[in-house]
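Here are a few short exercises to help you find your way around. Have a look at the sequence and the 3D view, then work through each solution step by step.

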Amino acid sequence: MRPSFKRNALGPASSNAPAAGATPSPGQESTLTHHRILDSRAHDIVINNPTLINSSQVSVKKNGLDKLLDKSMPQAFHNSASRWPPPRCHYASRQQFRSMIADWGTGCSEVIPQHLLWMHGPFGVGKSAIAQSCAEDLAAGNRLAASLFLSHPNALNDPDLVFTSIAWQLAIAYPVFGEILNREILRDETLLVSRREVQFQGLLVKPLLQLADSSSVEGKVIILDGLDEISDSDAQVDIITIIAASTRQRTTPFKWFILSRPMPHIQRVMQSKDISTLLHALDLPLSPENDHEILTFFTKELEKISQQHNLSPSWYSEADIAALVKLAGGLWVYVNSLTRFISTSDSLGPQHQLCLILSLGHKSSAPRSEAPAPLASIDYFYRLIMQQIPSHVVKTVRKILLLNTVFPPEYTGINHVLQLANVLGLSRDEFRAACGFLQAVLVLVETPRAGAFIHFYHASFMEYMKSDRSGEFCIYGNCVGELQHEVIERINQVHSKSTGRSPTTMVTFPLEPPLDQSVDDLVYLSLIFSLLRLCDHPYCLIAPSVAPKLNELDFSKIPHFLEESQFSVEMFLNYTRFEENLPRGYRKKILRQQFNLFGFHKMPNFASENKPFILGKGKKTLVCWPVKKAKDSIRIVMVTSSLHAVIYC
């Protein structure tokens with residue numbers, strides 16, 4: 001479920017934003033963006049439908065399309081400001097593929113008669129750039145029905161929001177369809193939370209059948225980029241199967257353009273007997289044949305940097321460009337990252353940055369015919385980026401990346417950068433300065449109403465930072481223990497400095513509107529969420545030095561601090577992973593399950609069994625209950641929208 005906010009304590013946010021160029025209504029001015037926070041996998045922590053209460057405001061009933069937007073991923077659309085600048089083909093590169101897909105999308109292709117097109121290729125070869133350029137080309141010719149650019153590191157990969165996101169775009173692009181869809185959702189709101197196959201039928205197939213004239217949507221293209229970024233491989237296969245069945249039965253009039261890496265499970269379903277005859281596959285290989293286009297790109301970009309920095313043309317040579325082309329190894333993700341690194345503002349200048357990159361050349365000596373060569377060189381490049389960060393800042397950067405991983409925007413959505421900064425105790429300038437060292441791989445995206453969040457240009461950087469390949473820069477290991485310790489200490493500070501039941505926290509970001517109680521509430525909430533996710537994340541082992549601190553934490557204060565909060569929240573903890581992450585000596589001390597003898601604790605309706613879990617020790621304990629629909633999870637605390645605490649103990 002997504003949160004619905006009447007007022008944002010963290011600064012401007014947006015909900016049901018008017019279309020570009022439209023004038024927002026008075027109701028829209030005060031309504032903030034709805035962000036997804038509930039992971040379909042029950043073992044994750046969720047904030048379930050938090051609501052800021054403001055008695056001076058009158059709630060406005062949402063229409064069906066507003067509810068649909070709440071269940072969509074607008075940040076993943078091809079024209080979303082959240083993806084700016086998007087990856088795209090520059091200087092007429094990939095023209096052969098773009099022309100082929102344009103002909104297919106306009107019905108002029110003699111090569112591709114099928115309505116299902118699958119482009120596959122290895123990591124970093126430029127699939128998303130082709131998809132973006134094709135989306136822009138098709139949109140300009142009024143041949144694009146919808147687009148979705150999925151991204152794991154940017155938390156845009158929920159399989160249950162794929163068809164809702166497509167339906168919302170169609171509703172906006174085709175008003176008659178939108179009116180039909182609005183009625184269907186108001187008639188049956190469960191469509192938004194149904195199985196994917198039911199969603200597809202209810203949000204796309206049935207409303208399309210009600211169109212008196214379907215010629216406006218006939219043959220329009222839907223682009224689904226990064227299918228392999230979806231969090232669950234079974235869900236990836238499910239989505240392909242649903243789309244293929246619709247293509248076979250002609251229940252929808254669209255052409256589908258799917259892009260992904262050739263993962264084994266995706267290859268199997270695409271090559272199955274039922275789907276292969278419906279499909280045209282395009283292979284986008286890692287090939288030295290791309291070198292001419294990459295050379296053109298580097299030449300144009302270095303010329304642009306020369307103009308921006310008023311450099312003489314002799315600051316680089318043809319040999320330098322040739323070395324860059326060789327270093328790139330055919331990987332467009334590497335090409336773009338190298339260019340951004342050279343033009344990084346927080347550096348000694350483009351010439352110094354170029355010299356650093358050229359020094360990487362001798363480290364990758366494998367022949368171009370061997371696939372590991374470019375992958376090894378991009379690892380060297382990412383290591384170079386981390387090595388340029390001052391030693392006293394590296395720890396902070398690692399903690400930012402770690403916290404963003406375990407506590408991504410999907411959990412709260414509103415001004416995520418602000419929440420990360422407050423959990424880490426950083427000011428706005430400190431947070432931005434730390435992220436500034438990573439300009440080649442990420443950007444802080446500012447939205448008018450929803451605040452800022454971290455956007456990664458490509459998944460490969462965080463894959464590197466999470467793996468052993470990154471060595472001492474890995475975000476796991478000792479970084480986890482340090483961050484766990486700091487978050488516990490900050491929670492203890494709140495508990496010790498607060499008076500009564502109201503949390504008092506240090507909010508270091510300057511905010512608009514001025515600070516109020518709801519800010520403290522949300523900062524405290526973020527600290528608790530961060531701690532829970534740092535305890536039950538698969539790669540976040542609880543260090544022996546942290547376990548005693550966690551054992552002494554006063555869990556009993558958590559519901560009391562939240563009972564006067566302006567938020568309605570639910571917190572889940574995966575007790576199986578939490579127990580596995582704890583040192584053996586603390587597994588039954590910090591979290592233990594017991595029989596509810598004589599009904600001492602009132603068993604709530606949501607509980608799966610009458611065996612509560614006890615979190616903490618002595619008078620600092622909190623009673624939690626296993627949840628029926630959330631495997632291996634316990635509900636920590638519930639605070640109702642009427643601001644009264646309901647503690648099941």
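**Exercise 1: a sheet and its edges**

In β4, W256 is the bridge partner of L116. This is a predicted model, where local features need pLDDT of at least 70, side-chain atom pairs count only at pLDDT 80 or more, and totals for chains, interfaces and linings use all residues. Residues are numbered from 1 along each chain as its sequence is written, and side-chain values use heavy atoms, with hydrogens and water left out.

Task: find which strands stand at the edges of the sheet.

Solution:
- Step 1. Strands β1 (residues 116–120) and β4 (residues 255–260) pair in the parallel sense over 5 bridges. Strands are DSSP runs (E, at least two residues), and two of them pair if DSSP finds at least two bridges between them.
- Step 2. The open sheet has 5 strands in the order β2-β3-β4-β1-β5, with parallel pairing.
- Step 3. β2 (144–149) and β5 (279–283) each have a single partner strand, so they stand at the edges, with one side of each left without a neighbour in the sheet.

**Exercise 2: a salt bridge**

Task: which parts of the chain do D238 and R196 tie together?

Solution:
- Step 1. The side chains of D238 and R196 meet in a salt bridge (2.9 Å, N to O). The term means a side-chain nitrogen of Lys or Arg within 4 Å of a carboxyl oxygen of Asp or Glu.
- Step 2. D238 lies in helix α8 (residues 233–249) and R196 in helix α7, so the pair ties together parts that are 42 residues apart in sequence. Helices are DSSP runs of H or I, at least four residues.
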